[in-house]
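Let's take a walk through this one together, starting from a single cysteine and ending up in the loops. Keep the viewer open as you read.

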Amino acid sequence: MWIDKLKDVSFDGRMMHNMSLASLSYLNIGGVAKVVCYPLHVEDLSNILNFCFCFNVPVLVLGNASNTLLSDAGWSGVVISLKHFLTKITVENDSIEILGDIRLEKLLAIASKNNIAGFEFLTAIPGVVMASINGNAGAEKCSISDLLMEYKYMDIQGCSHSVSKKDILCSYRKGPLQTFGIIYSACLKGEMSQKDLIQKSVKEKWEYRRNRQPISERSLGCVFKNATDYCAGQLIEHAGLKKKSVGDVAVSDIHANFFVNNGRGKSIDFLNLIEEVRYCVQNKFGVFLELEIKKVGD
Ligand SMILES: Cc1cc2nc3c(=O)[nH]c(=O)nc-3n(C[C@H](O)[C@H](O)[C@H](O)COP(=O)(O)OP(=O)(O)OC[C@H]3O[C@@H](n4cnc5c(N)ncnc54)[C@H](O)[C@@H]3O)c2cc1C
């Protein structure tokens with residue numbers, strides 16, 4: 001059994017057995033993961049991926065899990081988190097290079113401290129940088145891929161690859177990876193500006209979000225994608241579904257495209273609420289809502 005062989009992997013970071021995924025999830029929902037690995041450096045990451053490849057162990061990589069619905073059944077393979085990865089941040093003129101992973105909030109603070117503008121649209125998005133590149137996070141018609149100059153990722157066998165701007169292809173909420181990979185380094189480029197202008201813009205964006213989104217509650221952000229001809233939140237609201245709930249998961253009364261966990265919510269409640277909302281919106285407006293969040297787990 002692969003689990004018995006895990007101790008033979010050369011790995012300096014921590015490995016946790018039978019860990020609750022809820023503790024890794026922004027939504028505080030998720031079953032138990034067989035193993036959670038926290039690589040410290042590139043070699044750790046490569047070794048654990050190579051092990052999983054050789055023993056056919058399913059791998060899941062998580063950032064802050066603020067866009068990922070983790071199943072109540074958990075994960076029977078290995079979960080990889082870059083939370084303990086030894087980060088290195090290099091700022092050169094208008095570019096920020098990151099090895100490891102950091103919260104978007106920290107990236108924004110580094111940009112602002114160094115008078116680099118262009119990152120402000122990431123204000124109040126509670127993810128980490130590498131996961132946000134993977135999902136091409138964005139707001140206000142800007143996406144993180146607009147800033148992306150280069151990134152490095154490790155493939156399923158644990159081999160590193162470097163990709164530069166000319167070969168990066170992203171689209172709406174779709175990052176650059178075509179197959180499984182773990183992004184562990186990136187270079188992002190903004191433009192030189194003035195700190196007070198950047199800080200003013202960030203403050204305004206915080207205010208805007210605070211008034212329109214349930215940012216102090218446990219959610220996954222927008223559950224459904226918007227399209228050019230409709231806004232998912234408006235359709236849900238006009239279908240009279242604000243505050244609709246299943247178990248402890250409810251449609252937010254602040255923004256109808258956000259579902260919040262009011263305490264003891266389960267993944268199954270979230271999924272059932274998705275189905276109910278979809279059914280009502282389809283019946284009323286003839287629109288099938290496409291998921292923006294990712295569902296993972298056994
Ligand atoms: C209040 C609130 C507001 C939000 N607002 C926005 C918004 O305006 N715009 C927006 O786009 N999103 C928004 N979100 C959703 C979410 O925060 C973002 O999508 C964020 O970028 C996800 O980052 P994460 O670290 O939580 O990713 P996770 O949910 O952990 O991961 C997302 C995906 O990336 C994969 N992944 C994780 N790490 C890596 C890695 N190192 N390499 C490759 N793949 C990886 C995961 O397997 C998963 O498939 C919001 C969420 C909340 C709760």
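## Cysteines, ligand and loops

Cys170 is partly exposed, with a relative accessible area of 26%. That label follows because the value falls between the 20% limit for buried and the 50% limit for exposed. Bear in mind that what you're looking at is a predicted model.

Is Cys170 tied up in a disulfide or free of one? There are 0 disulfides in the structure. Cys170 is in none, and its nearest cysteine sulfur, on Cys142, sits 14 Å away. Cys222 is likewise in no disulfide: for Cys222 the nearest cysteine sulfur belongs to Cys231, at 7.7 Å. A disulfide here calls for two cysteine sulfurs within 2.5 Å, so neither 14 Å nor 7.7 Å qualifies.

Now on to the ligand. It is surrounded by 32 residues, and the closest are Val61, Ser66, Thr68, Ser132 and Gly138. Ser132 turns up again when you check polar atoms: an N or O atom of the Ser132 side chain is 2.6 Å from an oxygen of the ligand. Arg209 also brings in its side chain, with an N or O atom 2.8 Å from a ligand oxygen. Ile183 does things through its backbone instead, where an N or O atom lies 2.8 Å from a ligand nitrogen.

How much of the ligand does the protein cover? On its own the ligand has 980 Å² of accessible area, and the protein covers 94% of that. As for where the shell comes from, the elements giving two or more residues are β3 (59-62), α4 (129-134), β9 (138-139) and β13 (181-189). Helix α4 supplies the largest share, with 4 residues. Sorted by class, the shell has 16 nonpolar residues, 13 polar ones and 3 charged ones.

From there, jump to Ser95, which belongs to strand β7 (residues 95-99). Ser95 counts as buried because its relative accessible area, 15%, is under the 20% limit. Its side chain makes a polar contact with the side chain of Asp94, at 3.4 Å. Setting aside residues up to four places away in sequence, Ser95 touches Thr90, Ile116, Cys187, Leu188 and Lys189.

Next, a bit of backbone geometry. Most residues other than glycine have a negative phi. Ala65 has a positive value, with phi near 45 degrees. You'll find Ala65 in the loop between β3 and β4 (68-70), and it is buried, at 4% relative accessible area. Ala124 also has a positive phi, near 70 degrees. Ala124 lies in the loop between β8 (116-117) and α4.

One more alanine to finish: Ala22, in the loop between β1 (14-20) and β2 (32-38). Is Ala22 buried or exposed? With a relative accessibility of 14%, Ala22 counts as buried. Which residues does Ala22 contact once its neighbours within four places in sequence are left aside? They are Asn28, Ile29, Gly30 and Gly31. If you'd like a distance to check in your viewer, try Ala22 to Tyr153: the two are 131 residues apart in sequence, and their C-alpha atoms are 26 Å apart in space.

Terms used. Residues numbered from 1 in each chain as written. Predicted model: local features only at pLDDT ≥ 70, side-chain atom pairs only at ≥ 80, totals over all residues. Heavy atoms only, no water. Near = heavy atom within 4 Å. Polar contact = N/O pair within 3.5 Å; in protein donor to acceptor, adjacent residues only side chain to side chain. Areas by Shrake-Rupley, 256 points an atom, 1.4 Å probe, with all protein chains shown as cover. Nonpolar A, V, L, I, M, F, W, Y, C, P; charged D, E, K, R; others polar. Buried < 20%, exposed > 50% of the residue type's maximum accessible area, 1.4 Å probe, protein only. Contact = heavy atoms within 4.5 Å.
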